[in-house]
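Q: Hi! Could you walk me through this structure? I'm new to this, so plain words would help.
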Amino acid sequence: MKLITAILKPFKLDDVKNALQGAGITGMTVSEASGFGRQGGHTEVYRGAEYTVDLVPKVRLEVLVDDKDADSVVDVIVKAASTGSIGDGKVWTTPVDQVIRVRTGERGVDAI
Amino acid sequence: MSTRERRERSNESDRYLTQLFDKAAKASGLNNSGREIALAAVGGYGRGELSPGSDLDIVFLHTGKISEEALKSFVNEVLYPLWDTRSVDHSVRTRTQSREAASSDLRVATGLLDIRLISGNPELVAHVRNDNFEFWRKNAKENLAKLHMSLQERHVRSGELAYLLEPDLKEARGGLRDIQALKAISSAGIVPVPLEKISWAEATLNNVRESLHIASGRGKDRLLFQEQDKVAQLLAYSDADAMMGEVAQAARSVDYLLNYTWHAIEHKGKDGLGKYITKNRVTAVAKNVSAINREIVVDSLGSLDEDPLVGLRAAATAAQLGLPLSLKTCTELAASLKNGEGKLTNPWPDQARELLITLIGAGEAMVNIFESLDQEEIIFEWIPEWRSVRSLPQRNALHRHTVDRHMVETAVHAAKLTRRVQRPDLLLFAALFHDIGKGSAEDHSERGVRLIEPIAQRMGFKAKEIEIVKNLILHHLLLSSTATRRDLDDPATIESILSVIPDVNTLELLHALSIADGEATGSAGWSDWKATLVNDLVQRVKRVMAGAEVAQQPEISDEQRALAQSGQLRVALEEHSSGYAVEVISPDKPGLLSIVAGVLSISRLDVKSARTKTIGNSAVMLWIVTPEPHAPEVSAAKLHELISVALVDARDIEEKLNARAAAYASRPAIPVPEPEVEIFIDAATDATVIEVRSHDRPGLLFRIGAAITQSKVDIRSAIVTTLGAEAIDTLYLTDLSGGPLSSERANEVASHLKQALK
């Protein structure tokens, strides 16, 4: 099993969510995140004073999938999240040892 | 589900226990047991109220003359059969032991206040009852202090009944335990507690609790989401929302009375400003409004028709001083208003609107005042529309308050943001009403726009202002939803905001409203993350908008021009709806604004607005002022004299103002946001515009004027506005040669001003 983590522009969340649902993914975890990558921070002017915004607001989305689905799901996310401009975010996968559904105690792929 | 059923349940238990008591007496061979022992009910059972899941709280009282063996077997005889049927909380004590237990354990003492004989020797029960009453009254001060502490701990632990999605009917703030606390306070006899004010609340909460026990089949008091529909059905409410609305209303009335009662206990025998004295001192704080015992009261009037604004004035003054409105004043106001006295005209007089804004703008201190106005149903006399959102539940995970309380909380947060906008009054007003459209299936923003229009008209807002407020209410979710769901790099996103928000002033208002709304909703609806996104959006929109509008310099009439050319000091005074209109035409000199403002302030005339302009060597000023309570009689001649003296030497004014400021400093005060000073470089061609936004206070303009004079710049024109308790002062400044200031000079003046206003 794999954990797919995606960092996205906030406004792209709805598109990615719809695309994932279209691909048969029904469960995901979404959280508010902030950070920066190659895009860096940028400078704002407020009431005449300049200040630097170091951390850019992003959305962090996590999905658990079976190994065989991982690549296609990553593709779905990347396609839906892309605007072509800087700051579109990143997607990565990590191997997962075990998954348990708390309510039923099901384990492994059955718990996804 | 009614008091009668709970009483019957209690009577039934009494009969059963009496049987057990008699049987035990026979079995244990205590022939004279009726003399040596008694069985009594305490707590809720003592009051004769039993819900299906309540514990049976009972006490065995004995004389101490029975052997321990016999006593034990007697008690067990009574208790064994009970253990199968319901949970029992019991104790066995002599009179002395009862006294000791009560003095060391608050819960025993409050439980014994309701002790009632079930069976056995009535004298035993009567003694314990009297002992306990005596203890409770004699040590009232310490007992109530302990009670207060235990209540506060419980409130922190259990939260507010009125606003929790799954509240504990007994433990939460405003719940059944608080009702018992109020009764215990009443028994202590220190302050009168009008318990009749919460009889509806008590019945409502008890009925819901009883139905919960029946619906859940357990004795738990937490009203879980999954039980709410069933409980509502048992009580024949139309749905769970209707029931939760009534639970909230009941809890609020309990909490309201409890707050009042603690305040009354704490400030018993203190004067308006908190000093201990034997006789109540009355301090006049506004026209027909005084402070007594750290409470705000309305002075006795023949009829409210003599001064229809007095209710609003009392509320606004109380909020600004951070003191409560006295319960008696609220009750009397409500009764008079319901009798049709003190009706406000339609539209309201300007002062009424100003007072309402002053009330809403007081921040945290406003919440309790608004609660008083709600509890006594005074607010509906002024704003009937408020009834439709009263205690209206919002059963979703995002909100933590009912609709009405959420709007009040939004106004509290908006009060912290008043320096960020040019129209704090419109911000506060929109904040208090932004969700007024809730409570129907229709989109609440659209419905809100329809509902707000007649309200705003009635309050006397101008057509242009009403349009701004409608726009704010219609779009109060626009910035949040756009910032989180649309691409901020896309010009179309910015365009979509520009198409509905016409100017920077409205955008700043909407931004402040979004923040206040979000913060009031709580962490589920608002976070730094969201705030950053919204701020980003606002800054991007601002960049493509034209600059902010500032107040324009006043026009001078030909007549004024002619008088100005004479070079003489001239003062004219006219009656005005806010008090007086004072026209001053004077030869110009450095510090003139400060001097005239200072003279008005020491004459106890509160500046509401002013427009001044310099032409040639003279200045034309029009001031609108309101006399403070006990202000001395004013006349044009008196002001003329004071100003002409001050034009020669202003030191006397400064001294008197400092003395006044010192007197004011001893008054209670609420926290207010720091003053804001903003420079608009390109707002005028012939001068630099500086805008000062500050909480209004005595001598404010004098201080501003003095700081400007010290900075060695001239005031071409000043436009002073007071909106509720906030002042917006726009100053057109020039250097001594008559041109606009360089940006360094402008910054220097701004920092001088900030320093002077600290």
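**Two helices side by side**

A: Happy to! This is a predicted model, and a helix pair makes a nice start: helix 27 of chain B and helix 30 of chain B are roughly antiparallel to each other.

Q: What angle do helix 27 and helix 30 of chain B pack at, and how far apart are their axes?
A: The angle is about 160°, and the axes are 8 Å apart. Anything over 145 degrees counts as roughly antiparallel, so that label fits helix 27 and helix 30 of chain B.

Q: Which hand does the crossing of helix 27 and helix 30 of chain B have, left or right?
A: Helix 27 of chain B passes helix 30 of chain B in a left-handed crossing.

Q: And which residues make the contact?
A: From helix 27 of chain B you have B:Leu593, B:Ser594, B:Ala597, B:Gly598 and B:Ser601. Helix 30 of chain B brings B:Leu701, B:Phe702, B:Gly705, B:Ala706 and B:Thr709. By class, the contact of helix 27 with helix 30 of chain B has five nonpolar residues, five polar and no charged.

Q: Cool. What about helix 8 and helix 9 of chain B, how do they pack?
A: Helix 8 (residues 140-158) and helix 9 (residues 176-188) of chain B pack at an angle of about 170°, with their axes 11 Å apart. Helix 8 and helix 9 of chain B are therefore roughly antiparallel to each other.

Q: Which residues meet there, and what classes do they belong to?
A: On the helix 8 side of chain B, the residues include B:Leu144, B:Leu147 and B:Leu151. Among those they meet in helix 9 of chain B are B:Ala181, B:Ala184 and B:Ile185. The contact of helix 8 with helix 9 of chain B has eight nonpolar, one polar and three charged residues.

Q: Let's zoom out. How many helices and strands does chain B have?
A: Chain B comes to 31 helices and 15 strands. Its C-alpha trace spans about 115 × 65 × 45 Å along the principal axes. Of its 758 residues, 46% count as buried.

Q: What domains does chain B have?
A: The domain assignment gives domain 1 (3-136), domain 2 (141-266), domain 3 (297-319 + 338-543) and domain 4 (565-757) of chain B. The centres of domain 2 and domain 4 of chain B, taken over C-alpha atoms, are separated by 52 Å.

Q: And chain A, what pattern does it follow along the sequence?
A: Chain A has two helices and six strands, and they follow the pattern β-α-β-β-β-β-α-β. Of the 112 residues of chain A, 21% count as buried. Looking at contacts in chain A with a separation of 6 or more, 69% are between residues 24 or more positions apart.

Q: How many residues do chain B and chain A each bring into contact with the other?
A: 11 residues of chain B are in contact with 11 residues of chain A. Helix 25 of chain B gives the most to the side of chain B that touches chain A, with four residues. That side of chain B divides into two nonpolar, four polar and five charged residues.

Q: New topic: odd backbone spots. Where is there a cis peptide bond?
A: A cis peptide bond joins B:Asn346 and B:Pro347, with omega about -5°. B:Pro347 sits in the loop between helix 14 (327-338) and helix 15 (350-360) of chain B.

Q: What about phi, what is the value at B:Arg294?
A: B:Arg294 has a positive phi of about 50°, although it is not a glycine. You'll find B:Arg294 in the loop between strand 6 and strand 7 of chain B.

Q: Is B:Arg294 buried or exposed?
A: B:Arg294 has 22 other C-beta atoms within 10 Å, so it counts as buried. B:Ser391 also turns up here: its phi is near 50°, a positive value in a residue other than glycine. B:Ser391 lies in the loop between helix 17 and helix 18 of chain B, and with 20 C-beta neighbours inside 10 Å it counts as buried.

Q: Last one: what does B:Thr94 touch?
A: Not counting residues up to four places away in sequence, B:Thr94 touches B:His62, B:Thr63 and B:Gly64. B:Thr94 is in the loop between strand 3 and helix 5 of chain B. It has 16 C-beta neighbours inside 10 Å, so B:Thr94 counts as partly exposed.

Conventions. Residues numbered from 1 in each chain as written. Chains lettered and ligands numbered in written order. Predicted model: local features only at pLDDT ≥ 70, side-chain atom pairs only at ≥ 80, totals over all residues. Contact = placed C-beta atoms within 7 Å. Nonpolar A, V, L, I, M, F, W, Y, C, P; charged D, E, K, R; others polar. Domains from an automatic or database assignment. Axes fitted to C-alpha atoms, helices over the stretch in contact; angles between N-to-C directions. Parallel < 35°, antiparallel > 145°, perpendicular 65-115°, else oblique. Left-handed = near helix turned anticlockwise from the far one by under 90°. Buried ≥ 20, exposed ≤ 12 C-beta atoms within 10 Å, placed from the backbone.
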